Each structure stands twice: as structure tokens, then as C-alpha cells.
Amino acid sequence: MYKVLGSRNNRGNRSFRVNWGLEEMGLDYEVIETLPRSDEMFAINPLGQAPTVQFGDLTLTDSLAILHYLSSKTGTLTHASGTPERALMDARINFIITELEAPIWLLVRHVILRPKEARTPGVPAIAETDVAHAEKRFAKLLGDGNFFGGESFTIADIIAAHCLHWAECARITLQSDVTNSYLARMRARPAWARAEGN
Ligand SMILES: N[C@@H](CCC(=O)N[C@@H](CS)C(=O)NCC(=O)O)C(=O)O
């Protein structure tokens with residue numbers, strides 16, 4: 001049984017990526033509601049970040065690393081390492097993390113998370129411009145494909161759809177029909193609802 005220390009909250013919390021992946025893979029898990037930077041989180045993760053996963057004696061950190069671990073272990077939602085399919089999936093994930101997640105995270109920190117005195121005016125507008133630019137590039141890469149990491153659903157879709165959903169939670173309106181219909185398809189997956197606890 002995997003223990004996800006994090007949250008069921010699906011308004012940007014990266015724990016959702018892991019909960020969704022576990023649901024898609026059909027693995028047993030429980031979510032232990034644990035706040036980032038709480039004593040409980042620091043006790044098992046030096047950065048105090050959510051999600052952190054425990055499995056027996058193993059403690060795993062970082063949502064993407066956890067998804068890579070689970071997908072490699074089960075041989076699902078990924079492509080074999082050393083194949084062109086895997087290189088494409090990894091490139092797509094790197095695109096999302098560096099070009100889409102980064103400005104969303106910057107925006108959220110300067111609009112909500114940081115104490116008011118530590119926010120920099122002007123940063124949210126720059127971050128929003130970068131998110132819009134990344135969304136255009138996402139739509140270009142996806143084209144008329146069904147999935148972002150190749151011909152089948154992979155962890156690249158989990159990372160991509162979570163970030164697009166997170167952008168909407170941060171009150172960004174996604175502009176492209178390609179992006180909106182992709183996100184609607186991902187949200188319609190039964191495992192998405194189960195990961196939200198529904
Ligand atoms: N790269 C990490 C980032 C984890 C992260 O920043 N999680 C947030 C909650 S969604 C957090 O714990 N923030 C508190 C902090 O960084 O101090 C991942 O993907 O898991």
C-alpha cells in the first residue's frame with residue numbers, strides 16, 4: 001500500500017499527479033492529508049514538500065520522480081527506456097516542467113502563496129504572458145494527437161493536464177480549442193474523478 005503524504009485537493013496541489021497516476025495504474029494507496037512545510041512533512045522530506053510517498057521502508061519525493069518510479073516499476077503509462085518513443089515522452093515532460101509549470105508556479109507564489117510584502121508587483125503579468133506563450137506551444141506540439149507523450153496515455157499526460165488544470169485554478173483562461181478539448185478529455189477519464197476522491 002502506497003501512502004501519499006499530501007492532499008486530495010485538486011486546485012494545483014501536485015499530490016493530485018501522484019493520486020491520478022496511482023488510480024490509472026490500479027495500485028492500492030491512501031492519502032494522508034499532510035501540509036507542506038509541516039513538522040510531519042519535514043520529518044520525512046528535508047524540503048518539507050508535498051507530495052511525498054512512502055512504501056514500506058522507501059520514501060519518495062518529487063511528483064515527477066514518483067510517477068517515473070511507479071510507471072517503470074509497473075511497466076505502464078510510459079515507454080521503454082532507450083527507445084525513440086521514450087525520448088519523445090521525456091522531451092514533452094521537460095517542455096511542460098520548464099515552460100508551463102515554471103510560470104504557473106511563479107504566478108501562484110506572487111499572487112497567493114508568498115506573504116504580501118514578499119510579492120513583486122509586475123511578476124504576475126509577466127508570468128501570465130509566459131503561460132499564454134507556453135499554451136500556444138503546447139497546442140502546436142499536440143496538434144491533432146490524442147495524447148501528449150506519444151500514441152497512448154502516459155505520465156506526460158498526467159503532468160501536462162495537471163498543469164493546464166492548475167493554470168485554470170489560477171484564473172488563467174486557456175485560449176486554444178486544442179488545449180481546451182485535450183483538458184476536457186483528460187478530466188473525463190474515470191481515474192481523474194477517483195483521484196479527486198469521487
Ligand atoms: N518539484 C516538486 C515540487 C513540490 C512542491 O513544491 N510542492 C508544493 C505543494 S504543491 C510544496 O510543498 N510547497 C512548499 C515548499 O516548497 O516549501 C514536485 O513536483 O513534487
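The legends below describe close-up views of a predicted model.

**View 1. The two domains of the chain and the contact between them.** The domain assignment divides the chain into domain 1, residues 2-77, and domain 2, residues 84-189. Their C-alpha centres lie 20 Å apart. Eleven residues from domain 1 and twelve residues from domain 2 take part in the contact. On the side of domain 1 that touches domain 2, helices α1 (15-25) and α3 (63-74) each supply at least two residues. By class, this side of domain 1 has five nonpolar, four polar and two charged residues.

**View 2. The open sheet and the helix packed on it.** The sheet is open and has four strands in the order β2-β1-β3-β4, with mixed pairing. Strands β2 (29-33) and β4 (58-61) are the edge strands, each pairing on one side only. From one strand to the next, the twist averages 20 degrees. Helix α1 packs on the sheet and touches β1 (2-6), β2 and β3. The direction of α1 makes about 160 degrees with that of β1. In general, side chains in a regular strand alternate between the two faces of the sheet.

**View 3. Strand β3 and its two antiparallel partners.** Strand β3 covers residues 52-55 and is joined to β4 by four bridges, the two strands running antiparallel. Three bridges join β3 to β1, and this pair also runs antiparallel. On the β1 side, Lys 3 stands opposite Gln 54 of β3. On the β4 side, the bridge partner of Gln 54 is Thr 59. Thr 52 stands opposite Thr 61 in β4, and Phe 55 stands opposite Leu 58 in β4.

**View 4. The hairpin turn between β3 and β4.** Strands β3 and β4 form a hairpin, with two residues between them. Gly 56 lies in the turn and has a positive phi of about 60 degrees. The Phe 55 and Leu 58 pair described above also belongs in this view, with Leu 58 in β4.

**View 5. Two backbone features in loops.** Ala 50 and Pro 51 are joined by a cis peptide bond, with omega about 0 degrees. Pro 51 is found in the loop between α2 (39-44) and β3. Asp 62 lies in another loop, between β4 and α3. Although Asp 62 is not a glycine, its phi is positive, at about 80 degrees. Most residues other than glycine have a negative phi, and most peptide bonds are trans.

**View 6. The surroundings of the ligand.** The shell around the ligand includes Asn 13 and Arg 14, together with Pro 36 and Arg 37. Gly 48, Gln 49, Ala 50 and Pro 51 also surround the ligand, and the cis peptide bond joins Ala 50 and Pro 51. Asp 62, Ser 63 and Leu 64 are further members of the shell. Asp 62 is the residue with a positive phi of about 80 degrees. By class, the shell divides into four nonpolar, four polar and three charged residues.

**View 7. The crossing of helices α5 and α7.** Helix α5 covers residues 123-142 and helix α7 covers residues 177-187. Their axes come within 8 Å and cross at roughly 75 degrees. This angle falls in the 65 to 115 degree range that counts as roughly perpendicular, and α5 and α7 are therefore roughly perpendicular to each other. From α5, Glu 135, Phe 138, Ala 139 and Leu 142 meet Val 178, Thr 179 and Tyr 182 of α7. The residues of this contact divide into five nonpolar, one polar and one charged.

Key. Residues are numbered from 1 along each chain as its sequence is written. This is a predicted model: local features need pLDDT of at least 70, side-chain atom pairs count only at pLDDT 80 or more; totals for chains, interfaces and linings use all residues. Axes are lines fitted to C-alpha atoms, for helices over the stretch in contact, and angles run from 0 to 180 degrees between N-to-C directions. Angles under 35 degrees count as roughly parallel, over 145 as roughly antiparallel, 65 to 115 as roughly perpendicular and the rest as oblique. Two residues are in contact if their C-beta atoms, placed from the backbone, lie within 7 Å. Ala, Val, Leu, Ile, Met, Phe, Trp, Tyr, Cys and Pro count as nonpolar, Asp, Glu, Lys and Arg as charged, and the others, Gly among them, as polar. A residue is near a molecule or strand if its C-beta atom, placed from the backbone, lies within 6 Å of it. Domain bounds come from an automatic or database domain assignment. Two strands pair if DSSP finds at least two bridges between them.
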